[in-house]
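Notebook open, coffee at hand. I am going through this structure piece by piece and jotting down what I look up.

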Amino acid sequence: MEKNDTLIKKLTDFQNQLAPSIWIPIDAEPIYKGAILGAIDVQYEGENGFAAIVIFDRKGKILHTFTKKYEATIPYIPSFFAFREGDIIIRLVNDAEKKFNLNLDILFIDGHGIAHPRKFGLASYVGLALEKMSIGIAKDTLVKYTGILPTEKYSSLDIYLEDKNNAENDLIGYAYRSREDVKPIFVSAGHKISSKQALEIVKEHTGEYRQLDVLREADRLAREAAE
DNA sequence: GCGACAG
DNA sequence: ATCTTGTCGC
């Protein structure tokens, strides 16, 4: 109990300390048409994390896939997921870039970016550590929101985080309807990308299912590796 | 005090 | 995330 509280205090301080380093431009240059993207997911078997990355282009064409096992060192604690999965993803990206001799421009991460109580979710942690553009795509929100999201595919609803220092609350992400009449997914900028661009590029890669095809494929590959 | 809680 | 039966719909 006492020891866990100490760990949470330490991790909370770490998030609060690094959050100001996250850069979310308001207006950004259009994303390079030749950008190389990576979608990542990890499956766990105890403390073994089976990580998979799907490398693809702006047209959604898959260029490479890569899976590898890494060890997790920190347990899952809600709002501190970055510390369990972040280091695994950082190692995976470095290994994949070396193996295929390429440089990834944008990362799609299964978790949140700045749509987080301390604006420092998994996608932000990874983006900052690797100095890459990153986007968080999660299946549940960590921040409450109000308003009504239309049932139509591609509709979205802004999510704001209360800011005690500003009268205006900060836009941190969106509830996004990736499939008609189905529970939304939650999209947020992680690092070096605007919220609007994060949503736009996620829309570009939306297929027939609730989860993006590239993340479904990463999920499938990671599960396959875990068997 | 109570409820909520990425994967 | 993982465990786990039946059920509904395309």
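**Entry 1: the end of H3.** I began just past helix H3, at Glu131, which follows the helix and has a positive phi, near 55°. A reminder to myself before going on: this is a predicted model.

**Entry 2: H3 itself.** Next I asked how many of the nine residues of helix H3 are buried. I found seven in the helix, which spans residues 122-130, so H3 is largely enclosed by the rest of the structure. I wrote down the buried ones: Leu122, Ala123, Ser124, Tyr125, Val126, Gly127 and Leu128.

**Entry 3: the whole of chain A.** I then stepped back and counted elements: chain A has five helices and eight strands. Along the sequence they come as α-β-β-β-α-β-α-β-β-β-β-α-α. The radius of gyration is 17 Å, close to the 17 Å that the globule rule gives for 227 residues, so chain A is as compact as a globular protein of that length. I also looked up the box filled by the C-alpha atoms, which is roughly 50 × 45 × 35 Å along the principal axes. Of the 227 residues, 39% count as buried. For contacts in chain A with a separation of 6 or more, I noted that 62% join residues 24 or more positions apart.

**Entry 4: the sheet.** In what order do the strands of the open sheet lie? I read off S3-S2-S1-S4-S5-S8-S7-S6, eight strands with mixed pairing. Strand S3 (62-71) and strand S6 (156-161) stand at the edges with a single partner strand each, so one side of each has no neighbour in the sheet. From one strand to the next, the twist averages 25°.

I zoomed in on one pair: S5 and S8 (residues 185-191) run antiparallel and share five bridges. Ile137 sits opposite Val187 in S8.

**Entry 5: H2 on the sheet.** My next stop was H2, which lies across strand S1 (36-45), strand S2 (48-57), S3 and strand S4 (106-109). Its angle to S2 is about 50°.

**Entry 6: the DNA.** Last, I asked which residues are closest to DNA strand B. I listed Phe81, Gly111, His112, Gly121 and Lys139, out of 17 residues that surround the strand. Helix H2 (81-100) and strand S5 (133-138) are the elements that give two or more residues to this surface. Sorting the residues of the surface near DNA strand B by character, I got eight nonpolar, six polar and three charged.

How values were computed:
Residues numbered from 1 in each chain as written. Chains lettered and ligands numbered in written order. Predicted model: local features only at pLDDT ≥ 70, side-chain atom pairs only at ≥ 80, totals over all residues. Near = placed C-beta within 6 Å. Helix = DSSP H or I, 4+ residues; strand = E, 2+ residues; numbered from the N terminus. Nonpolar A, V, L, I, M, F, W, Y, C, P; charged D, E, K, R; others polar. Rg over C-alpha atoms; globule rule 2.2 N^0.38 Å. Buried ≥ 20, exposed ≤ 12 C-beta atoms within 10 Å, placed from the backbone. Contact = placed C-beta atoms within 7 Å. Pairing = 2+ DSSP bridges. Axes fitted to C-alpha atoms, helices over the stretch in contact; angles between N-to-C directions.
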